[in-house]
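Here are some quick notes to read alongside the model. Have a look at it first, then go through the points one by one.

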Amino acid sequence: MTGIDWLILGLYFAFVLGIGVILKGSVKTSTDFFLAGRAIPAWVAGLAFMSANLGAQEVIGMGASGAKYGIATSHFYWIGAIPAMVFVGIFMMPFYYGSRARSVPEYLRLRFDEKTRGLNAISFAVMTIFSSGISMYAIAKLIQTLHVFDGVFQRLGLRSSWIFDFAILISAIVVLVYTFLGGLSSAIYNEVLQFFLIVAGFLPLSYLGLKNVGGWSGLKATLGTSYTHSWSGLSHANTNRLGVEWFGLAMGLGFVLSFGYWCTDFLVVQRAMAAKSMSAARRTPLIGAFPKMLFPFLVILPGLIAIALPTQPAVPPHARVVVSAEPPGKGIIPMKVDASSGLPMLDKDGKPQLDYDLAVPSMLLHYFPPGMLGLGLTALLASFMSGMAGNVTAFNTVWTYDIYQSYIRPGATDAHYLWMGRTATVFGIAFSVAAAYMANRFNNIMDMLQLVFAFVNAPLFATFLLGMFWKRTTGHAAFTGLLAGTTAAAIHHGLTLPAGAVVGIKGGWLAVTHVYPSEMAQNFWTAIYAWSTCFVITIIVSLVTRAPEESKLVGLVYSLTPKPEEEPLAWYARPATLALMVLAGTVLLNIIFW
Amino acid sequence: MGIDIRLPLGALFTLLGLILIVYGAASDPSLYGQSLGINVNLYWGAVLLSFGALMFVLSRIGARAAARLENIPQSPSSSTH
């Protein structure tokens, strides 16, 4: 990093903190802090809805998957996000926003009962802390690996082993300051800033890369069809790079996992709840879906280009950042190096493994001169911080409204809950830092936690679907169904194993009854089993328990709620029009990249 | 709520654009070998600058529209812009 790069990074930090300071003045009540005063315009909420999910792990991870699986990675966007975003906007938002619930767990209490809310609130709170810790760990590791701060540390006479701690500390402090001051509005504003920064940093990268490899046709010629087609080969798990067949992909990713995330995760739904009107709330996910549809070209394409470039030791002249002694990998992606021994890591066939996570950062270093490099790295850092702020704002809301106000101290003044929200921001970030260090010391614990979260999340959408569209669903049934779904996920994981994996954290810890061609296939099918179990059990238990009173379900269930009144909007801005446009666009993209 | 986000967006991207344009114009052309001989700082800086300016313009238009809405007596409670 040269002076100009630091200038750009510094400018970004100044804006982020400045926004927090300016917005502090408009935070007067707890609603201002937790729900941005429900005053956010649709387009701002929409971009935030999409960007809250676009953490650095997503940017790095999608590039890595692009290099590993090819353009088929775009399934995570086209089938794994767009339909769910349309569904939550058109069908679910009337109940989330219309019920005036302040959080997703609170909706569960209104619709079902206290225990269902408690289960969801507590698991969600724990999960957000750990995921923000894990992403903090990931970015600190990345900064360490890229050696971006090494020059400065040497000049200041600091030990380079402190870079990890420095990266964690600085990001924690910045996120703390702006979410503490401005609450959700601050987080949303920064998510919008980050959205434009990612576009500004990555669009030229895709352009230069694509120009260099001779356009899409050049990429096709170099990589072959398995990298450049998203659907062909999906008839069987063994004939595509993902190792999944179309049914597992469509049901597991396209239905269970994607609807479970985009329709029920408070991290994203909170952005829509902050919108200024019902119609703005409904348009929030739809507006977010438009950039989501196009983002594969920004975040997945660089991964493909990285693997397609001629293999070479990637050492751009000005950047002393990549260790040139590293043996070449493939394309410009280096090999995975064991941190303790310094030797390349080998897979089970004795071949060196590639460090796919470095695909996107290597691309930045490869194409960007000083100046643009600063912008690219700032975009990465911004995406990391706003991803983390998303977790923190969701955590402090659920903690304050659904745990503290419900179980610890009900009936206090609004000013007290505002104070609690700010305090929760502080200890939420402190816990995240602790989780980041835990991830650094005990990798296995983190893998296990993420597995447990996956088990907890998988059945959620069945509960919401039944709750919103079948008035007979009861609280006991929702609770039992969730527990049964999670148990089913755990059992399925315990009975199956991806090909080539060892029994343990990857599965098969009960007995190996089935071997999946890939870990992805196993994940998708775990989700399918969890969802189906939850769906069936919830229906059965509902039928044998006492039906809820219909008068209490008005505004919470589809059949008992009057249709939301449409505001007078131009035809092209109506939710239904937006939904049709984004779905048509997605179908078109799937056909083009068949 | 608070401020119109288009203002900080406009300010940030105007500044980023200016920084990149100045640096791109002043820097040694040999720097751009790695970016296929294209002076990305200069050109992309110009794009970012125009984006920043556009945000300022949109913010002005938005403020005017909001002011017009307020001037209409007993206008519907919706404020959709």
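1. Before the distances, a word on domains: their bounds come from an automatic or database domain assignment. For chain A that gives domain 1 (3-439 + 563-592) and domain 2 (447-559). The C-alpha centres of these two domains of chain A are 25 Å apart.

2. Some housekeeping. This is a predicted model, where local features need pLDDT of at least 70 and side-chain atom pairs count only at pLDDT 80 or more, while totals for chains, interfaces and linings use all residues. Residues are numbered from 1 along each chain as its sequence is written, and chains are lettered from A and ligands numbered from 1 in the order in which they are written.

3. How do the two domains of chain A meet? Their contact (C-beta atoms, placed from the backbone, within 7 Å) takes 31 residues from domain 1 and 26 residues from domain 2. On the domain 1 side, α13(A) brings the largest share, 11 residues. Helices here are DSSP runs (H or I, at least four residues), numbered from the N terminus. By class, that side of domain 1 has 17 nonpolar, 10 polar and 4 charged residues; Ala, Val, Leu, Ile, Met, Phe, Trp, Tyr, Cys and Pro count as nonpolar, Asp, Glu, Lys and Arg as charged, and the others, Gly among them, as polar.

4. Do look at α10 (residues 163-212) of chain A. A straight helix of 50 residues would span 74 Å at 1.5 Å a residue (that is, 1.5 Å times one less than the number of residues), but α10 spans only 34 Å between its end C-alpha atoms. There is a kink of about 125 degrees in α10(A), centred on A:G183 (the angle between axes fitted to the seven residues ending there and the seven starting there). After the helix comes A:G214, with a positive phi near 85 degrees.

5. α10(A) is also mostly covered, with 36 of its 50 residues buried (20 or more other C-beta atoms within 10 Å of the residue's own, placed from the backbone).

6. The largest nonpolar core (buried Ala, Val, Leu, Ile, Met, Phe, Trp, Tyr and Cys residues joined through C-beta atoms within 7 Å) has 219 residues, and A:A45 and A:I188 have the most contacts inside it. α10(A) gives the most to this core, 24 residues. Leaving aside neighbours within four places in sequence, A:A45 is in contact with residues including A:I188, A:R271 and A:T284.

7. Finally, the two chains: their contact takes 36 residues from chain A and 24 residues from chain B. α1(B) supplies the largest share of the chain B side, 9 residues. That side divides into 17 nonpolar, 7 polar and no charged residues.

Notes: Helices (H or I, at least four residues) and strands (E, at least two) are DSSP runs, numbered from the N terminus. A residue is buried if 20 or more other C-beta atoms lie within 10 Å of its own, exposed if 12 or fewer, and partly exposed in between; C-beta atoms are placed from the backbone.
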